[in-house]
Amino acid sequence: MRPEVETVRAVGPEEINDIYHSCMEEQGFPSSVDVHGQRGIEFDPSQEDALKVAGYVCSTQYPLEHKYLEPYNLEQLRLLYDWRVEETISCLRELGVETAAPPSYEVFVDDYARTGYQVWSPLSEEAVFEQLEALVAAEQDNELFDACPDTPPDEVLYPD
């Protein structure tokens, strides 16, 4: 049974993980961080229902801002594609990480139109991830995973 929950405020993608995990901790489900810097919540299988309720409470109190739930329009897809080709790939190459050739813009748009969510990113390539993983291990710097963002700043992708 879902409890009645009031929204505290809508949040952006840059803060949703921190807020969600803080909220889950308040609900009795603390998170831990693995060797890759990824957060997870460990729980006993007997707590599964309570975990689902806590997740509902937190996602209702702090929902993702509506604009992030809307499909990309063609202008946003062009911005996203150009950013990934020009900025992300260049950044990765400066780190010494090689990427495969990007798809054409037309394929990029067609994949998104066909699936409703799938947009190519050099960071989703397995070979790129493996190279980044090796670089992080060699440099002992988990922040390298975030060194080359694959999305332009919000003010570019979501101009008001």
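Lys and Arg count as positive here and Asp and Glu as negative, with His and the chain ends left out. Keep that in mind for the second stop; the model on screen is a predicted one.

**Stop 1: the whole chain**

Show the chain as a cartoon. There are six helices and two strands to find. Followed along the sequence, these elements come in the order α-β-β-α-α-α-α-α. Turn the model onto its principal axes: the C-alpha atoms fill a box of roughly 50 × 40 × 25 Å. Among contacts with a separation of 6 or more, 68% are between residues 24 or more positions apart.

**Stop 2: surface and charge**

Switch to a surface view. The accessible surface of the chain is about 10,500 Å², and carbon and sulfur atoms account for 50% of that. Of the 160 residues, 29% count as buried. Now colour the charged side chains by sign: 9 are positive and 35 are negative. How far apart do the centres of the two sets lie? The distance between these centres is 6 Å.

**Stop 3: Cys-23 and Cys-58**

Return to the cartoon and display the cysteines as sticks. The structure holds two disulfides. Select Cys-23 and Cys-58, which are joined by a disulfide with an S to S distance of 2.1 Å. This link connects distant parts of the chain: Cys-23 sits in helix α1 (residues 13-26) and Cys-58 in helix α2 (residues 48-61), 35 residues apart. Look along the S-S bond of Cys-23 and Cys-58: the torsion is -90° and the link is left-handed.

Are these two cysteines buried or exposed? Residues under 20% relative accessible area are classed as buried. Cys-23 has a relative accessible area of 2%, so Cys-23 is buried. Cys-58 is also at 2%, and therefore buried.

**Stop 4: Cys-91 and Cys-148**

Move to Cys-91 and Cys-148, whose sulfur atoms form a disulfide at 2.0 Å. Where in the chain do Cys-91 and Cys-148 lie? Select helix α3 (residues 74-94) for Cys-91, then the loop between α5 (126-139) and α6 (154-157) for Cys-148. Because of these positions, the disulfide ties together parts 57 residues apart in sequence. The torsion about the S-S bond of Cys-91 and Cys-148 is about -75°, which means that this disulfide is left-handed. Cys-148 has 3% relative accessibility, so Cys-148 counts as buried.

**Stop 5: both links together**

Keep both cysteine pairs in view. With bonded cysteines counted along the chain, the disulfide pattern is 1-2, 3-4.

How values were computed. Residues are numbered from 1 along each chain as its sequence is written. This is a predicted model: local features need pLDDT of at least 70, side-chain atom pairs count only at pLDDT 80 or more; totals for chains, interfaces and linings use all residues. Side-chain values use heavy atoms; hydrogens and water are left out. Helices (H or I, at least four residues) and strands (E, at least two) are DSSP runs, numbered from the N terminus. Buried means under 20% relative accessible area, exposed over 50%, partly exposed in between (1.4 Å probe, protein chains only). Contact means heavy atoms within 4.5 Å. Accessible areas come from the Shrake-Rupley method with a 1.4 Å probe; for residues, only the protein chains shown count as cover. The place of a charge is taken as NZ of Lys, CZ of Arg, CG of Asp or CD of Glu. A disulfide is a pair of cysteine sulfur atoms within 2.5 Å.
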